[in-house]
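Trainee: I am new to this structure. Please take one part and walk me through it closely.

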Amino acid sequence: MSETVSFVERASSLVLSWERRGWILYDSDIQSVSFLYSHTFGGVGTELRLWLSEHGIETLDATVNFMDGALLASLKLPGVELGCEAHRRVEVIGLAVPNYFPACLSEYEGRARYYPRGDMSECVLFGPCGRSYAGATVREDEQ
Ligand SMILES: [Zn+2]
């Protein structure tokens, strides 16, 4: 029973500390909480975020897991789900979360805020950058 209370206390303190930094809680279960970073791309509201997501562009998000008394965060950096190497989303796992917030998260937040989402348009519109045109040429030659 005390573990349950501890989990609830930890989760509420953690959620509060992340929300103060602009993270939005969007999912939770008995062992984890998930956030997205609202300041990604200089700040996106829910409608724009959903529109971007429908087009394959995702914001910085994070899941914090409670495992064996420790808090570990994994991040998915902003980017395109099926993009080129430069624009594809990268996952960072196993960040320790002392005092409810990993110190190194500030750097990822800063990069997400200034990440130029316009640079990903070619990936989104034509496929992975630099390969789509070559691929289209190959297809035309094959016909
Ligand atoms: Zn690209």
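Let us start with Y114: is Y114 buried or exposed, and why?

Mentor: This is a predicted model, so keep that in mind throughout. Y114 is exposed, because it has 10 other C-beta atoms within 10 Å. The cut-off for exposed is 12 or fewer, so Y114 meets it. Now place the residue. Y114 lies in helix α3, which covers residues 105-114. Look next at F41. Y114 and F41 are 73 residues apart in sequence. In space, C-alpha to C-alpha, 5.7 Å separates Y114 from F41.

Now turn to the sheet. Five strands make up an open sheet, and their pairing is antiparallel. Read across, the order is β1-β2-β4-β5-β7. β1 (23-28) and β7 (91-96) stand at the edges. Each of these two has a single partner strand, so one side of each is left without a neighbour in the sheet. On average, neighbouring strands of this sheet are turned by 25° against each other, direction ignored.

Take the β1 edge. β1 runs antiparallel to strand β2, residues 32-37, and five bridges join the two. Within this pair, W23 stands opposite Y37 of β2. β1 and β2 also form a hairpin, with three residues between them.

Cross to the other edge. There, β7 pairs with strand β5, residues 70-76, in the antiparallel sense. Four bridges hold this pairing. One residue to find here is L75, whose bridge partner in β7 is V92.

Next, the nonpolar cores. The largest one has 17 residues. Among its members, F35 and V64 touch the most others. Four elements give two or more residues to this core: α1 (2-19), β2, β4 (61-67) and β5. β2 gives the most, with four residues.

Stay with F35 for a moment. Leave aside residues up to four places away in sequence. F35 then touches W18, W23, I24, L25, Y26, D61 and A62. W23 is familiar: this is the residue opposite Y37 in β2.

There is also a second, separate core. This one has seven residues, including I57, V80, M120 and C123.

To retrace the route, begin at exposed Y114 in helix α3. Then follow the sheet from β1 through β2, β4 and β5 to β7. Finish at F35 and V64, which touch the most other members of the largest nonpolar core.

Note on methods: Residues are numbered from 1 along each chain as its sequence is written. This is a predicted model: local features need pLDDT of at least 70, side-chain atom pairs count only at pLDDT 80 or more; totals for chains, interfaces and linings use all residues. Two strands pair if DSSP finds at least two bridges between them. Axes are lines fitted to C-alpha atoms, for helices over the stretch in contact, and angles run from 0 to 180 degrees between N-to-C directions. A residue is buried if 20 or more other C-beta atoms lie within 10 Å of its own, exposed if 12 or fewer, and partly exposed in between; C-beta atoms are placed from the backbone. A nonpolar core is a set of buried Ala, Val, Leu, Ile, Met, Phe, Trp, Tyr and Cys residues joined through C-beta atoms within 7 Å. Two residues are in contact if their C-beta atoms, placed from the backbone, lie within 7 Å.
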